[in-house]
Amino acid sequence: MGIFKPYRFYTKAQIEYRANQLLRQMRRQGSQFVPQWPLDPTLVADFLDLGVVWDAIAADEEGAIAARILPLERCIEINEEILDMPPGFQESTLAHEIGHWLLHVDLEAAEDTSQKPHLPFVCRGNRELREGISPNLTQLQSIEWQAQYFASCLLMPRHVLEEMREGRNLTEWAELYAMREQLGVSISNLVNRLQDLEWIYIPKRSRQIYPGKALIYG
């Protein structure tokens, strides 16, 4: 029995539903796990009974490794080198690995104590798949995109963003940075999420924020 699921295509709606389902399950569990924002992804890992370890992970022949999952040990290892990354990156990395755990690990097989040790599921540092779903993505790129989209939905649920946007002018960078502080995410992750929701639009190589593409392209 394989410890990792065969490749499957997920729509954005399916991934967002899975992230929201997880938050609902935490809320039902009781006060210890009721999600609050900024969301602490270590709380989510605790809810899933996943260990989180910060350790030095050496690069391999394919390059740097940001994190890896050891399914049989129910453990996520995060490379301590990302401790120097900008605020929000660590949270995004752990939420990304949780996305892999729920979307790509066969959880039933992971519970099977007769399973032989497997090589860990390795994640590289490149998470900037801003173009989203594309027929040109390889299966590996698609898997990485799925985990990152899950992380965005988990850390920035639509209903939380709906509340935060009230009374704000999202075309002002100061407002976006204030939202970033409330959400505990990186500014790039927030901008990507808001653009994906089509609440804002920023042309490439521009700092100008528009409320939508329609104002530019009619």
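Helices α7 and α8 meet through W173, L176, Y177, M179, R180 and L183 on the α7 side and I187, L190, V191 and L194 on the α8 side. By residue class, this contact comprises 9 nonpolar residues, no polar residue and 1 charged residue. In the predicted model examined here, helix α7 spans residues 173-183, and its axis comes within 9 Å of that of α8, with a crossing angle of roughly 110°. Because angles of 65 to 115 degrees count as roughly perpendicular, α7 and α8 are placed in that class.

Helix α8 takes part in a second helix pair. Its partner there is α5 (residues 139-155), and the axes of α5 and α8 (residues 187-196) lie 11 Å apart at an angle of about 90°. The α5 and α8 pair is therefore also described as roughly perpendicular. The residues involved are Q148, Y149, S152 and C153 from α5, together with N189, R193 and D196 from α8. The composition of the contact between α5 and α8 is 2 nonpolar, 3 polar and 2 charged residues. By contrast, the contact of α7 with α8 contains no polar residues.

At the level of domains, the protein chain is divided into domain 1, covering 1-155, and domain 2, covering 157-217. The centres of the two domains, taken over C-alpha atoms, are separated by 24 Å. Contact between the domains involves 21 residues of domain 1 and 15 residues of domain 2. The size of an interface is often expressed as the accessible area that is lost when the parts come together. For domain 1 and domain 2, the buried area amounts to about 1300 Å², of which 44% is on carbon and sulfur atoms. On the domain 1 side, E16, W37 and L155 contribute 30% of the area buried against domain 2, more than any other three residues.

Salt bridges were also examined, both across the domain interface and throughout the model. The whole structure contains 9 salt bridges, and 3 salt bridges are counted between domain 1 and domain 2. E16 forms one salt bridge with R158, in which the closest N and O atoms are 2.8 Å apart. The side chain of E16 also meets that of R193 in a salt bridge, with an N to O distance of 3.2 Å. This second pair links distant parts of the chain, as E16 belongs to helix α1 (residues 12-29) and R193 to helix α8, with their positions 177 residues apart in sequence. R193 is in addition one of the α8 residues in contact with α5, and E16 is among the three residues named above for their share of the area buried by domain 1.

Several local features were found in domain 1, which covers 1-155. W37 and P38 are joined by a cis peptide bond with an omega of about 5°. P38 is located in the loop between α1 and α2. Helix α2 comprises residues 41-47 and includes F47. When residues up to four places away in sequence are not counted, F47 touches L22, Q25, M26, Q29 and F33. For one of these partners, Q29, the C-alpha atom is separated from that of F47 by 8.8 Å, the two residues being 18 residues apart along the chain. D49 occupies the loop between α2 and β1 (51-55). The backbone of D49 has a positive phi of about 60°, although D49 is not a glycine.

Conventions: Residues are numbered from 1 along each chain as its sequence is written. This is a predicted model: local features need pLDDT of at least 70, side-chain atom pairs count only at pLDDT 80 or more; totals for chains, interfaces and linings use all residues. Side-chain values use heavy atoms; hydrogens and water are left out. Axes are lines fitted to C-alpha atoms, for helices over the stretch in contact, and angles run from 0 to 180 degrees between N-to-C directions. Helices (H or I, at least four residues) and strands (E, at least two) are DSSP runs, numbered from the N terminus. Angles under 35 degrees count as roughly parallel, over 145 as roughly antiparallel, 65 to 115 as roughly perpendicular and the rest as oblique. Contact means heavy atoms within 4.5 Å. Ala, Val, Leu, Ile, Met, Phe, Trp, Tyr, Cys and Pro count as nonpolar, Asp, Glu, Lys and Arg as charged, and the others, Gly among them, as polar. Domain bounds come from an automatic or database domain assignment. Buried area is the accessible area (1.4 Å probe) that two parts lose on being put together, summed over both. A salt bridge is a side-chain nitrogen of Lys or Arg within 4 Å of a carboxyl oxygen of Asp or Glu.
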